[in-house]
Amino acid sequence: MGRINNINTRDFQFYMMSHLYSDRLDAERNAIRTVTLVAGSLPSRIRCLLKVTSLNAASYKTISYAWGDHSGKSYILVEDRELQVPRNLEVALTYLRKPTEDLELWVDAICINQDDEIEKAHQVKMMGEIFRHSTSTYIWLGVPGNTHARNNRKSEFSMQFNKLC
């Protein structure tokens, strides 16, 4: 028990990440991870599940967003483990999440092991293909400034997510 109490925050995050991303993606087979954004609504936390698949076999939507200020971080649940992501992404997922239907996505900050430089370099090279193979792309422009829009979910999507085909 004493050992666990002596682990610093960075080591603990690395330990959790290494278990979340247990295997490096197979570059030769164009493997990617997709994330299932589990249905829900406020006040429940964002929950996601990871799946490894082939780029050509996957059916998913992509999301494009600004990583924003690197000091603005939030935690979401991925495979029931906390994962630190840019605050802007957590907000985007909150707006995108549906109350009764899961959504299959590819999100760079979640689907790429950010602590594995080899995987990250390969996946970044594949990003053009990943976006081209997606069924559509959501572009997060930020939180609505209009109070009325915040209270109207349909307005939020029409104002904040542009869907590209």
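**Group meeting: loops, core and ring pairs in a predicted model**

Let me start with Pro43, which lies in the loop between β1 (31–37) and β2 (47–54). Please keep in mind throughout that what we have in front of us is a predicted model. The peptide bond that joins Leu42 and Pro43 is cis, with omega at about 10°.

While we are on loops, there is another place where the backbone deserves a look, namely the loop between β4 (73–78) and β5 (81–86), where we find Glu79. Phi of Glu79 is near 55°, which is a positive value in a residue other than glycine, and Asp80, placed in the loop between β4 and β5 as well, has a phi near 60°, again positive and again in a residue that is not glycine. As for their surroundings, Glu79 counts as partly exposed, at 30% relative accessibility, whereas Asp80, at 61%, counts as exposed.

Now to the interior. The largest nonpolar core has 35 residues, and those with the most contacts inside it are Ile76, Leu105 and Ile110. The element that gives the most to this core is helix α3, residues 87–96, with six residues. That helix is mostly covered, in that seven of its 10 residues are buried, and these are Leu89, Glu90, Val91, Ala92, Leu93, Tyr95 and Leu96.

What is Leu105 in contact with, once its neighbours within four places in sequence are left aside? The list takes in Thr34, Val35 and Leu37, then Tyr60 and Lys61, then Leu93 and Leu96, and finally Cys111 and Tyr138. Leu93 and Leu96, I would point out, are among the buried residues of α3 that I named a moment ago.

I turn next to the aromatic rings, where a search of the whole structure finds two pairs. In one of them, the rings of Tyr95 and Trp140 have their centres 5.2 Å apart and their planes at 45°, so this pair is classed as tilted. Tyr95 sits in helix α3 and Trp140 in strand β7, residues 137–140, so that the pair links distant parts of the chain, 45 residues apart. Both Tyr95 and Trp140 are buried.

The other pair is formed by Trp106 and Phe131, whose ring centres are 5.9 Å apart and whose planes stand at 75°; since an angle over 60 degrees counts as edge-to-face, that is how the pair is described. Trp106 lies in strand β6, residues 103–106, and Phe131 in helix α5, residues 117–133, so the pair ties together parts that are 25 residues apart in sequence. Are the two partners buried or partly exposed? Trp106 is buried, with a relative accessible area of 0%, while Phe131 is partly exposed, with a relative accessible area of 26%.

Last, the cysteines. How many disulfides does a search of the whole structure find? The number is zero. If we take Cys48, the closest cysteine sulfur to its own is that of Cys111, at 8.6 Å, and this is too far for a bond, because a disulfide would need the two sulfur atoms within 2.5 Å. Starting from Cys111 instead, we arrive back at Cys48 as the residue with the closest cysteine sulfur. Cys48 is buried, with a relative accessible area of 3%, and Cys111 is buried as well, with a value of 0%. Cys111, to return to the interior, is also one of the residues in contact with Leu105.

Terms used: Residues numbered from 1 in each chain as written. Predicted model: local features only at pLDDT ≥ 70, side-chain atom pairs only at ≥ 80, totals over all residues. Heavy atoms only, no water. Core = buried A, V, L, I, M, F, W, Y, C linked by side-chain atoms within 4.5 Å. Buried < 20%, exposed > 50% of the residue type's maximum accessible area, 1.4 Å probe, protein only. Helix = DSSP H or I, 4+ residues; strand = E, 2+ residues; numbered from the N terminus. Contact = heavy atoms within 4.5 Å. Phe/Tyr/Trp six-rings, centres within 6.5 Å; stacked < 30°, edge-to-face > 60°.
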